[in-house]
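Q: Could you teach me how to read a binding site from a model, going step by step from the pocket to the ligand?

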Amino acid sequence: MKQLKKKLADNLSRVREKIATACGRVNRDPTEVTLVAVTKSVGLEVIRTLAELGQVDLGENRPQELLRKTTMLEELNLRAKQAGLADRDSAEKFSAVRWHMIGHLQRNKVSMVLNCSRMIHSVDSLRLAEEISIQAGKRGISADVLMEVNCSGESSKYGIIPAAVNHLAEQFATLKHIRLMGLMTMGPLAENPEDSRKAFVRLRELFEEMHASGYVGKDCKHLSMGTTQDYMVAAEEGATMVRVGRDLFEGL
Ligand SMILES: *Cc1c(COP(=O)(O)O)cnc(C)c1O
């Protein structure tokens with residue numbers, strides 16, 4: 001195996017093992033946690049290799065980069081398909097990739113992002129949700145979104161305030177072309193992973209309250225929380241998606 005592929009394969013299994021260890025501590029099934037590989041710091045060669053290794057979920061935090069990278073991967077996919085039998089395995093792997101938009105999104109970029117992603121994790125206002133619903137409606141699709149909540153109270157962070165979650169869930173439910181699939185948060189800026197636990201517990205409580213209020217259905221099942229800084233803590237506290245960049249690309 002090529003050097004890059006081997007190193008990435010090792011990193012992937014190390015990260016997956018850490019998720020499994022965290023889940024083991026709280027008796028969770030590790031398959032409940034989807035690893036979203038955040039590729040903002042790496043180029044196409046690494047992304048391609050990730051896909052070839054079977055890493056399905058990839059995330060980007062900027063619309064322009066998301067578009068650039070999805071387009072490049074599409075081209076690789078097309079070429080692999082044209083190569084026919086010889087490269088059928090790669091083509092299948094490239095086709096399986098699901099892109100996640102995880103960073104701040106402005107309304108004028110919604111259309112672009114809908115063209116190239118499967119889920120938007122960072123919906124932080126009703127106006128943004130409305131625009132997503134309008135654009136999705138034009139395409140005849142339903143957009144899967146998460147509501148981003150600022151659980152740490154840091155003013156530098158995007159996300160709606162915890163007290164507004166239920167009200168916004170009620171509003172989102174009136175929008176025809178979005179499906180609220182869950183909640184997302186970023187842990188506080190801190191050295192110690194434990195410093196994030198409170199924010200993650202808060203997000204899970206808000207999720208439970210939102211379900212109790214009846215504005216969301218069974219589809220609404222995701223808690224997107226945890227980065228390199230704190231994904232083991234997030235897995236312990238119920239994350240269904242962790243968004244990991246740096247730890248995956250360590251030593252590449
Ligand atoms: C960059 C980023 C991540 C991943 O951070 P790492 O420290 O590289 O693991 C997760 N979520 C969001 C929103 C990001 O922008």
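Q: How many nonpolar, polar and charged residues are in the lining of the largest pocket?

A: A pocket is an open set of points on a 1 Å grid over the protein atoms alone, where a 1.4 Å probe fits and protein lies on both sides within 12 Å along at least five of seven lines, and lining residues have an atom within 4 Å of a point. Here the lining has ten nonpolar, twelve polar and seven charged residues, with Gly counted as polar. This is a predicted model, in which local features need pLDDT of at least 70 and side-chain atom pairs pLDDT 80 or more, while totals for chains, interfaces and linings use all residues. Residues are numbered from 1 along each chain as its sequence is written, and side-chain values use heavy atoms, without hydrogens or water.

Q: Which residues are closest to the centre of the largest pocket?

A: The largest pocket holds about 750 Å³ of space, a volume being the space filled by probe spheres set on the grid points. Of its 29 lining residues, Lys40, Asn61, Ile102, Met186 and Thr227 are the closest to the centre.

Q: Which atoms does the ligand have in polar contact with Lys40 and Gly245?

A: A polar contact is a pair of N or O atoms within 3.5 Å. An oxygen atom of the ligand lies 2.8 Å from a polar side-chain atom of Lys40, and a ligand oxygen is also 2.8 Å from a backbone N or O atom of Gly245.

Terms used:
A polar contact is a pair of N or O atoms within 3.5 Å; within protein, one must be able to donate a hydrogen and the other to accept it, and residues adjacent in sequence count only if both atoms are side-chain atoms.
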